[in-house]
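Here's a quick tour of pockets and aromatic contacts. Have the structure open as you read.

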Amino acid sequence: MTVKNLTRGLCSAAAALTLSFASATIALAETIKVTDIAGRVVEVEKNPSKVVIGEGRMIYSIALLDQENPFARVVGWKDDMINYDPDAYRKYLAAYPEIKNLPSFGSPYADEWNLEAVISLGTEVVFMNLGNLLKAQESGIIEKLEEAGVATVFVDFRQDPTANSIPSIQLMGRIFDKRDQADAFSDFYQQQTKLIYSRVSQIPVEDRPIVFIENAAGYNPSKCCTTYGAANLGRLVDLAGGRNWGSMKFPGFKTKVSLEALFADDPAVIIGTGANWSEANPDTIAVLFGYEADEATVQDRLAGLATREGWPELSAVKNGRFHSVYHQFYNSPYHFVAMQAFAKWAHPELFADVDPEATMKELHEKFLPIEYSGVFWGTLNSGM
């Protein structure tokens with residue numbers, strides 16, 4: 001072979017190799033079009049390696065998909081899990097110590113958000129909450145990210161959880177190329193909710209007790225009360241066989257309530273929400289539910305809430321129907337566990353065979369990379 005032919009052959013081989021690398025790069029950078037929960041058609045990189053989440057508690061959902069390491073592709077988040085669910089944060093920190101260095105960018109809907117830092121990380125996708133769509137539109141953050149080549153995708157586990165949680169999981173599963181994991185959780189979710197719906201549909205409306213949800217009960221000891229309308233936890237109450245007090249009183253998502261109105265109606269069942277807020281607010285008297293909670297402390301805290309001025313006279317307290325539940329269920333695809341607890345509290349005999357504790361354990365064993373521990377709901381013991 002002549003030198004000229006050898007050179008020509010090497011050049012052809014190099015060109016072919018370059019083309020091969022280019023094709024591989026194109027394959028790796030495959031983009032897909034998805035419709036997010038806000039109804040926006042978004043072009044997003046499939047299986048992105050760098051994601052920013054607009055709320056830290058989105059890890060509850062990502063953990064169902066990236067089960068080996070929910071933080072593998074997360075390059076930035078908001079510090080709400082650290083502040084308001086520290087039990088969960090420490091649980092994940094023990095498994096993935098590197099997250100202590102994960103940068104927090106604050107709220108993507110506020111001036112504090114460091115857009116330049118998000119872009120400089122090479123972020124491919126930013127996940128945002130549907131409830132903050134208007135704020136995001138008004139701030140112009142969506143357009144700024146798009147100009148920098150960063151896709152924004154809206155998901156929802158809070159505004160309308162029973163309608164949007166599974167579509168959100170499926171959406172994230174498609175983007176992350178984890179559709180099998182998304183399908184497996186979706187099937188489990190359907191099994192656990194149908195266990196409730198099939199029975200509730202047979203309960204006459206007049207046989208469904210009125211249930212009052214006290215949002216963040218005792219978070220601020222000097223203030224009471226806020227409750228939900230026919231959305232979020234209020235919607236879960238209605239679907240679990242109760243009649244949500246707030247659904248009958250106002251059309252909105254959440255509102256403040258006067259104690260006089262609550263005491264006058266004297267609802268049959270009262271359910272507060274609580275979490276380990278003692279680090280964010282040391283004065284809180286809330287029930288400190290979470291992975292580090294224990295039954296004795298839960299009972300002490302429930303008793304404290306039940307003995308607030310005027311509360312001992314309520315029927316729910318007198319009749320052993322004064323309960324509390326993990327607040328973070330309100331923003332989590334695991335809310336079906338809370339629904340099972342609600343159903344048992346509303347109709348103990350009808351749902352005697354339903355075991356939310358077993359459901360919570362199975363959820364962790366099948367889908368989550370952390371082990372189950374702690375306490376996530378409770379009922380005030382009689383004879384307080």
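What follows covers the pockets, then the rings, then the charges that sit over rings.

Keep in mind that this is a predicted model.

**Pockets**

Let's start with the largest pocket, which holds about 440 Å³ of space. It takes 22 residues to line this pocket, and those closest to the centre are R57, K78, Y84, R158 and Y330. Which helix gives the most to the lining of the largest pocket? That's helix 3 (residues 80-84), with three residues. By class, the lining has eight charged and eight polar residues, plus six nonpolar ones.

The second largest pocket comes in at about 280 Å³. Much of its lining can be read straight off the sequence: E214, N215, A216, A217, G218, Y219 and N220 are among the lining residues, and so are K223, C224, C225 and T226. K256 is also part of the lining of this second largest pocket. Here the classes split into five nonpolar, four polar and three charged residues.

**Aromatic pairs**

On to the rings. Searching the whole structure turns up 22 aromatic pairs. Two of them are set out here.

| Pair | Centre to centre | Angle between planes | Type |
|---|---|---|---|
| F127 and F176 | 5.7 Å | 80° | edge-to-face |
| F185 and F367 | 5.7 Å | 90° | edge-to-face |

The F127 and F176 pair links distant parts of the chain, with F127 in strand 5 (residues 125-129) and F176 in helix 8 (residues 161-176), 49 residues apart. Are these rings buried or exposed? F127 has 0% relative accessibility, so it counts as buried. F176 counts as buried too, because its relative accessibility is 1%.

The F185 and F367 pair also links distant parts of the chain, this time 182 residues apart. F185 belongs to helix 9 (residues 179-200), while F367 is in helix 15 (residues 356-367). Why is this pair called edge-to-face? The ring planes are at 90°, and planes over 60 degrees apart get that label, so the pair is edge-to-face. Both F185 and F367 are buried.

There's also a cluster to look for: ring pairs link F71, W77, Y89, Y92 and Y96.

**Charges over rings**

F176 turns up again here, since the charged end of R73 sits over its ring, 4.1 Å from the ring centre. Elsewhere, the ring of W311 has the charged end of R308 sitting over it, 4.0 Å from its centre.

Terms used
Residues numbered from 1 in each chain as written. Predicted model: local features only at pLDDT ≥ 70, side-chain atom pairs only at ≥ 80, totals over all residues. Heavy atoms only, no water. 1 Å grid on protein atoms, 1.4 Å probe; cavity = no way out; pocket = protein on both sides within 12 Å on 5 of 7 lines; lining within 4 Å. Points joined across faces, edges and corners; volume = space filled by probe spheres on them. Helix = DSSP H or I, 4+ residues; strand = E, 2+ residues; numbered from the N terminus. Nonpolar A, V, L, I, M, F, W, Y, C, P; charged D, E, K, R; others polar. Phe/Tyr/Trp six-rings, centres within 6.5 Å; stacked < 30°, edge-to-face > 60°. Buried < 20%, exposed > 50% of the residue type's maximum accessible area, 1.4 Å probe, protein only. Lys NZ or Arg CZ within 6 Å of the ring centre and 35° of its normal.
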